[in-house]
Amino acid sequence: MSRLAMIGTVVRAGLRSNFGLAILKHRLLVEKKDRWLVPLVGLAFLGVVPLLYGVVLLVQNLYAALKPMGQERAILSFGFLAAQALILLFGLYYVIAAFYFSRDLDFLIPLPLRPGEVMASKFAVIVINEYLTVAAIVLPIVVTLGVVARVGPGYWVNAVLVYLALPIIPLAVVSLLVVVLMRFINLSRKKDAFILIGSILLLVGALAVQVALGRSASAGNGREIGANMAALTAFLTSPNSLLSRVGAFFPPGIWATKAVAAGFSGEGLANLGLLWGVSGLLFAAIVVLAEKLFYRGLVGLGETTGRKKRLTRDEMSRRVSSGRRAKAAIFGREWKIMNRTPIFLLNGTFVVVLLPAIFVLMATVGRGARSGAVGGAGTQVDPMALLKAMASGHPLVVILATALFMTVCGSINGTASSTFSREGAQFWISKMIPVAPREQATAKFWHSYLVAALGVATAGVAAAAVLHVGPPELAAAAGLSLLAGVLLTAVGMAIDLARPLLDWANPQKAIKQNLNVLLAMLADIGILTGVFFGVRALTRAGLGTAAVLGVLFAGLAALSAAGYAALLRFADKRYPQIE
Amino acid sequence: MIELTHVTKSYNRGRIKAVDDLTLAVKPGEIFGFLGPNGAGKTTTIKLIVGLLRPDAGRIAVEGLDIATRSLDAKQLTTYVPDFPAVYERLTGLEYLNFIGDVYGVPKADRLERIDKWLEIFELAPFVSNPIQSYSHGMKQKIVLTAALLPAPRVMVLDEPLVGLDPRAAHQLKDMFREHCDAGKTLFFSTHIMEVAEKLCDRIGIIHKGRLVASGTMAELKALDRTESGQSLEEIFLELTEP
């Protein structure tokens, strides 16, 4: 077998493992399990149709507005830059997990492949994986624009080639950073802590760049997204706009735009060559760097050095538990494992603190550059001031908007919806121990709920600091969010219990690539939409603020109690079935 | 005591029968060795006994308790050691033992005494404050064994417990097996090491293609020998499990 063929085989195996194709095929066709997922996934795709339709309409309108000024390319730039920025930001986790924490490395390293070839094959799998993300963002824009503008074949051919190149540069940039970072992390004994701090620093760095760009854009020419198309056009086309600044910061988005828009012309082909040339160069740089640093960063990474220390009799006596209740022991286990596993911590507990922090950061930085006025086109628009102005005199709106913010910050994360999946191969312990499934589910519920409550609390602090929500409104909003949190936590846990993903080799799969997390988020959005329509019906029926809140509290309390009780019953039924 | 009565378990909607009408009883005070080729149904049988799998048909009882209807009571009396020591790698050895002690309700005095004893025997004492992640395969196996011994269970079920252990630990484990059963408790374990089964077990069962093809004391198994040439367990095993 030639080396190229061997790399091809590794890539194919990586793809099958990444998308779980073999398991999916076995479960659907052989075991005939999970068939209920097929219509559900279909339904989820149908749910995206209105969103796609919205994008198509937006692109059409933007094209109509920008075409007379010859600035329609800005639409393409926006799509390409958004896709690449997303990959740059979130690709970090994928790259670290795939290059350094995936268990297939245990059998890839002994293969007769060079480090650069192993990394190249893993890089190829991530790139192919990212085509899905890119397609979701870029395809609606590129296709709509192509159809509306009645473009020639050069546009379509180049669009395909640009699409294929698009994830390579951002992923290569992240990979180069990660390979260097991991080489130094592996020098340290506190690897987990360094991975966590390194990830947070990279994330904060990316946010800081975004905030700095936003700040300079808003301070630049005194114009921002306004309420009408003229302001939006100015935003997109002015030489000092956010877009051109981002484009200058990350030129591949601009090359991609020119390559597609200019088709087979000299400009189009030159930019296409530039895009693919730089992609190829960066890919080569990864392979070269991998030869030198990959295995040095990797080997021994999974090993944790421990000190050899015999406990004295007194120490042992102090540290041997005098007997906690089973629920407390399970809660403690959940808490420790979640917070000691960097991938779990970053996607669970950290998220509930991060979202309010981003909110405060954006609002504070934006405020520095804005006058704070509420105005139309041509003046500064402060979204926070706008929000406050819209809500003033409407305490119900303030309470509900704050409650929604707190609920989203607290409950829309993967803690509850991966609680069983996170146990992975260790689930046998939960099945073996003499603790009733409902008790185990209770302990897990309180762990997930505590994370949600932490999110509600931080979001409350953010809302009070930025939006100056008063204590009575804040208390009411917190009450509603904490009640809703019970229901959403129970729903998330029930979804994960229905189809726990236990056979993962990489912790990333248990939480970040777990379909249950996505299904739970969709369910949460559905529930919150239902609550919204319920409240609208109540206000339309003429009920006052106190009455609406009373009904809402009572309704959420009833639903939460029912959801919690149903979860415990489901746990009793489901645990014995999980094999 | 462990009783399996006409137990059947199949996979892929009945297409693969892993355990086929298995009837078996292990008495108190008995070490029962369970042998069989790869894929014969050993691990499936063990997982059925400890409740990790549900049988399609038949009844399983531990100390007279039907595990389908009184699973928690049965679990309280049983501990299990899997063939691969998958444990909470982010906990320290002591945290894991504390967790097991808590969920089985082991009193502190007993807990201290047993942890002390088994950590010393398995030479794990200097490492008990370290994360399990830092343990070697053998050390992980030993911490799982210590956890399984901590509740002093009436019934122990072990899947290939000697794999990964160094000779000293394996020797001590075999002593523990004897000690456990001399106290009137039950021990059921699977192994591929014929010599261990022959020397250690009070009774041996041989499973092949999901069916129990032989069961009894070593003497009873030798009586099955049609050639009367005084075969070893290995020869009997090979004869009974011919493909």
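In the predicted model, B:Val7 is placed opposite B:Leu22 of strand β2(B). This pair belongs to an antiparallel arrangement in which strand β1 (residues 2-11) of chain B and strand β2 (residues 16-26) of chain B are joined over 7 bridges. The two strands form a hairpin with 4 residues between them, and within the hairpin B:Asn12 adopts a positive phi near 50°. Strand β1(B) also pairs with strand β4 (residues 57-62) of chain B, again in the antiparallel sense, through 5 bridges. In that pairing B:Ile2 has B:Val62 of β4(B) as its bridge partner.

Positive phi values recur elsewhere in chain B. B:Glu63 has a phi near 50°, a positive value in a residue other than glycine. The residue is located in the loop between β4 and β5 (65-66) of chain B. B:Glu63 is classed as partly exposed because 19 C-beta neighbours lie inside 10 Å, the threshold for a buried residue being 20 or more. B:Lys209, likewise not a glycine, has a positive phi of about 50°. B:Lys209 occupies the loop between β9 (203-208) and β10 (211-216) of chain B. Its 16 C-beta neighbours inside 10 Å account for the assignment of B:Lys209 as partly exposed.

At the level of the whole chain, chain B contains 9 helices and 10 strands. The radius of gyration of chain B is 18 Å, which agrees with the value near 18 Å that a compact globule of 243 residues would have. Along the principal axes, the C-alpha atoms of chain B fill a box of roughly 55 × 40 × 35 Å. Of the 243 residues in chain B, 48% are buried. Among contacts in chain B with a separation of 6 or more, 70% are accounted for by residues 24 or more positions apart. The average pLDDT of chain B is 91, and 98% of the residues score at least 70. For the model, the scores are ipTM 0.93 and pTM 0.78.

Nonpolar side chains in soluble globular proteins tend to be buried together. The largest nonpolar core of the model comprises 83 residues, of which B:Tyr96, B:Ile143, B:Val157 and B:Phe188 touch the most other members. When residues up to four places away in sequence are not counted, B:Val157 touches B:Ile46, B:Ile49, B:Val50, B:Thr78, B:Tyr80 and B:Phe188. A second core, separate from this one, has 61 residues and includes A:Phe350, A:Cys409, A:Val451 and A:Leu482.

A:Leu482 also appears in the surroundings of A:Val456, which is in contact with A:Met406, A:Gly410, A:Ala478, A:Ser481, A:Leu482 and A:Gly485 once neighbours within four places in sequence are left aside. A:Val456 lies in helix α22 (residues 437-467) of chain A. This residue counts as buried because it has 28 C-beta neighbours inside 10 Å. Between A:Val456 and A:Ala520, which are 64 residues apart along the chain, the C-alpha separation is 18 Å.

A:Met406, one of the contacts of A:Val456, is 390 residues from A:Arg16 in sequence, and their C-alpha atoms are 39 Å apart in space. A:Arg16 is part of helix α1 (residues 3-18) of chain A. With 15 C-beta neighbours inside 10 Å, A:Arg16 is therefore partly exposed.

In secondary structure, chain A has 26 helices and 0 strands. Buried residues amount to 38% of the 579 residues in chain A. Among contacts in chain A with a separation of 6 or more, 82% are accounted for by residues 24 or more positions apart.

The two chains meet through 38 residues of chain A and 41 residues of chain B. On the side of chain A that touches chain B, the elements giving two or more residues are α14 (313-319), α15 (326-340) and α21 (427-432) of chain A. Helix α15(A) gives the most, with 6 residues. Classified by residue type, this side of chain A has 15 nonpolar, 9 polar and 14 charged residues.

Terms used. Residues are numbered from 1 along each chain as its sequence is written. Chains are lettered from A and ligands numbered from 1 in the order in which they are written. This is a predicted model: local features need pLDDT of at least 70, side-chain atom pairs count only at pLDDT 80 or more; totals for chains, interfaces and linings use all residues. A residue is buried if 20 or more other C-beta atoms lie within 10 Å of its own, exposed if 12 or fewer, and partly exposed in between; C-beta atoms are placed from the backbone. A nonpolar core is a set of buried Ala, Val, Leu, Ile, Met, Phe, Trp, Tyr and Cys residues joined through C-beta atoms within 7 Å. Two residues are in contact if their C-beta atoms, placed from the backbone, lie within 7 Å. pLDDT is the predictor's confidence in each residue, from 0 to 100. Two strands pair if DSSP finds at least two bridges between them. Ala, Val, Leu, Ile, Met, Phe, Trp, Tyr, Cys and Pro count as nonpolar, Asp, Glu, Lys and Arg as charged, and the others, Gly among them, as polar. The radius of gyration is taken over C-alpha atoms; the globule rule is 2.2 Å times the number of residues to the power 0.38.
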